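Student: I've got a model open and I'd like to talk it through with you. Can you take my questions one at a time?

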Amino acid sequence: MLLKYPELLWGLLLLIIPILIHLLQLRRFRKTAFTNVRLLEKLAVEANRSSRLKKWLLLFCRLGLIAALVVAFAQPYQAKEDAGTSREIVIYLDNSFSMQAPEGQTSLMQLAVQELLQNLPPEFECALLTNDRQFSRRSLEALREPMLNLGYTHLQPDAPALALRARNLFSGDPGVIREFWMISDFNGLDPGLIDTAGVSELHVLPLRPEVRYNLSIDTAYIRDRSAELVNLEVAVSADDPTRNQPLSLYNGDTLLAKSAPELGEDGRGMAVFSLPAGASIQGAVRVLDEGLAYDNNLYFNLNQPPKIRVYSLGPGPGDYLRRIFTEDEFDFRSSGIQEADFGNLESQHLVILNEVPDIPAPMIELLEAFIRDGGNLLIIPASDLELPDYNSLLRTTGMGIAGRVDGTNRVTGISFGHPLFRDVFEGEVANFEYPSVQSYFTLSAQGSAVLEFQNGTPFLTASGRTYLFTAALNPQNSNFRQSPLIVPTFYAIGRNSLPFPDPYYTIGQPAQLELDQRLGEDRIFRLRGPDYEFIPRQQAFARKTRLIFGEEPARDGNYTVYQDDAPGQTVSFNYPRAESRAAPPLPEFPGFVTRHPDAADLIGRYQNDTRITALWKWFVILALLFVLAEAILQKTLR
């Protein structure tokens, strides 16, 4: 038994008062003789004995009354040794998408919220920590609304970062017990990695659904394009391959097609949708299943790409370039150096320096500024080039020409893994007629080789946005124009000058989008969705604007790019699909972690550790009993 006010026990000194009174009342009886002495002596003895017993019993009752009242005012209670110590509690409530898993008529996260609100008193104080938000210490009643309205997020904090955030929510008071409660499915979160410095107790409540079934739309990509059709391939995965569901393809709110993917034994499958090549589609692929909801939609877009502006400068042959850069995709222009419109240079996406023997210094400065502003430059050297002019231009790109080599050399190497040839070749091509050159240039410094001669030296090399052939392509020096390599090579260079925007971007992963629009002064681009708007980071160039995505947006969907109130192209974002896969087994919890099988056990442990059983009422009742006993004694004993 413990006392809330032990200093009041000094009140037991009051027990001296009834003892002194009792001692003063104990005096001897004097004998008085008169007739019938023998009978009177007997009565006197009996009265004397009854009086002594009554006085001792009354003394005991009065002592008991005073002692019971003093102890009652000291407020005795029963509790664990540290039950009276102040406690600070931080609750981590996992709101990642995997906590969307159904459990009965609700989800894992909402079930945990309901049990906390129902089993803890409204005055219970704690701090709340989630994957994307945090609330300082306050009553559970004040946290009710945020907890009931808590949404899900793709963010997954690691254990050390989570512990650091939790420590920041504790106060600096050294005399309190700090408890950290973790309620999660522990999918990718290992409490064993938590630094427990500053945490007195660590309690975990692992939550897993009894039965899990989920069908996820994992990704979508353009499998191939033609002049008429674009084939969109959609990949799905399911926990149970026998429970398949059809996919629905929408353009906005209009249903375009349905397709049921064929699932293999591993639960993975594909579905292919054919779409018109020239259409602009704000698309979404949807499925209805009983599992997680966040991966039932995958947004994508097919925008009509703008024409890429290509400008060829120089005396080199340009007829083959015009046949490659066709009017349906490119705006191709060519001129000699003397007739060049240099004022129009900054608006081009790709400039081709076509076998220019010498490059004037003003033109070098213009081309250097063009590259710095994000332009793309393709250099086809002249056989009789001025080496200092070329090296002056190439100096800013990290490349350089060493000298000319006369003699036949064949182009035999293709770097199929180079970004320039991404999605160009279905496989490694080997059975084609190798082009050759009669003379070529060696390099003193080079970028990444795209095409190589048979001796390993580069025929086409790239450094950033600058591409350099090491040989003239006129018919007198090379038959490359008759090679099947020329079309995919030049087309890829032109197409990459303003690449197709990706069908979608993944939220939380760095990405860039280049708009064929200039960023006006004091103007910005905004991205607007149905119920969400954000402003990305923006980088302005002379002929385009680069949008940089990172933490924003926070929601998936199709967004329209606006400058002021003028709508532009559509950009799509989707959540990462990492949590769609079945969670691995629970990690091994170390000894400093207390694991609880359910919320009732976690809350019951806290209530037992902090329960204080007040005993003062029993001592008040005991005091009343002593009063009653004294009253009975006064009436029954004489």
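Student: Taking contacts between residues at least 6 apart in sequence, what percentage join residues at least 24 apart?

Tutor: Keep in mind that this is a predicted model. Start from the contacts in the chain whose partners sit at least 6 apart in sequence, then pick out those joining residues at least 24 apart. That share comes to 70%.

Student: How many helices and strands does the chain have?

Tutor: The chain runs to 638 residues, and 45% of them count as buried. Its secondary structure comes to 11 helices and 36 strands.

Student: What part of the accessible surface belongs to carbon and sulfur atoms?

Tutor: The total for the chain is about 32,900 Å². Of that accessible surface, the carbon and sulfur part is 52%.

Student: On to helix packing. Are α3 and α4 roughly parallel or roughly antiparallel?

Tutor: Helix α3 covers residues 108–119 and helix α4 covers residues 140–148, with axes 11 Å apart. They pack at an angle of about 165 degrees. Angles over 145 degrees count as roughly antiparallel, so α3 is, relative to α4, roughly antiparallel.

Student: And is the crossing of α3 and α4 left-handed or right-handed? Which residues make the contact?

Tutor: The crossing of α3 and α4 is left-handed. On the α4 side, the contact uses L140, R144, M147 and L148. On the α3 side, the residues are Q110, V113, L116 and L117.

Student: How do the residues of that contact of α3 with α4 divide?

Tutor: Sort them into nonpolar, polar and charged. The contact of α3 with α4 then divides into six nonpolar, one polar and one charged.

Student: Let me zoom in on Q110. Is Q110 buried or exposed?

Tutor: Q110 lies in helix α3 and is part of the contact with α4. Its relative accessible area is 16%. Buried means under 20%, so Q110 is buried.

Student: Leaving out residues up to four places away in sequence, what does Q110 touch, and what separates its C-alpha atom from that of N95?

Tutor: With those sequence neighbours left out, Q110 touches L148, L150 and Y152. N95 is 15 residues from Q110 along the chain. Their C-alpha atoms are separated by 9.4 Å.

Student: Now the pair α7 and α8. What is the handedness of their crossing?

Tutor: Helix α7 (residues 361–372) and helix α8 (residues 387–394) pack at about 25 degrees, with axes 9 Å apart. That angle makes α7 roughly parallel to α8. The crossing of α7 and α8 is right-handed.

Student: Which residues of α7 and α8 make the contact, and how do they divide?

Tutor: From α7 you get I364, L367 and E368, and from α8 you get D389, S392 and L393. By class, the contact of α7 with α8 comes to three nonpolar, one polar and two charged.

Student: I've also marked two serines. Is S312 buried or exposed?

Tutor: S312 has its place in strand β18, residues 308–313. Not counting residues up to four places away in sequence, S312 touches L321, F332, R333, S334, S335, I352 and N354. At 2% relative accessibility, S312 counts as buried.

Student: Where is S497 found, and which residues is S497 in contact with beyond four places in sequence?

Tutor: S497 is found in the loop between α9 (486–496) and β27 (505–506). At 1% relative accessibility, S497 counts as buried. Its contacts, leaving aside neighbours within four places, are I308, H349, L350 and N376.

Student: Any backbone oddities to check? What is the phi of F186, and what is the phi of D564?

Tutor: F186 lies in the loop between β8 (177–184) and β9 (201–206) and is buried at 2% relative accessible area. D564 lies in the loop between β33 and β34 (566–574) and is partly exposed at 41%. Neither one is a glycine, yet phi is positive in each. For F186, phi is about 50 degrees, and for D564, phi is about 60 degrees.

Student: Last one: which residue does a cis peptide bond join to E552?

Tutor: Omega for that bond is about 0 degrees. The partner is found in the loop between β32 (545–549) and β33 (557–563). The residue joined to E552 is P553.

Key: Residues are numbered from 1 along each chain as its sequence is written. This is a predicted model: local features need pLDDT of at least 70, side-chain atom pairs count only at pLDDT 80 or more; totals for chains, interfaces and linings use all residues. Side-chain values use heavy atoms; hydrogens and water are left out. Axes are lines fitted to C-alpha atoms, for helices over the stretch in contact, and angles run from 0 to 180 degrees between N-to-C directions. Angles under 35 degrees count as roughly parallel, over 145 as roughly antiparallel, 65 to 115 as roughly perpendicular and the rest as oblique. A crossing is left-handed if the near helix is turned anticlockwise from the far one by less than a right angle, and right-handed if clockwise. Contact means heavy atoms within 4.5 Å. Ala, Val, Leu, Ile, Met, Phe, Trp, Tyr, Cys and Pro count as nonpolar, Asp, Glu, Lys and Arg as charged, and the others, Gly among them, as polar. Buried means under 20% relative accessible area, exposed over 50%, partly exposed in between (1.4 Å probe, protein chains only). Accessible areas come from the Shrake-Rupley method with a 1.4 Å probe; for residues, only the protein chains shown count as cover.
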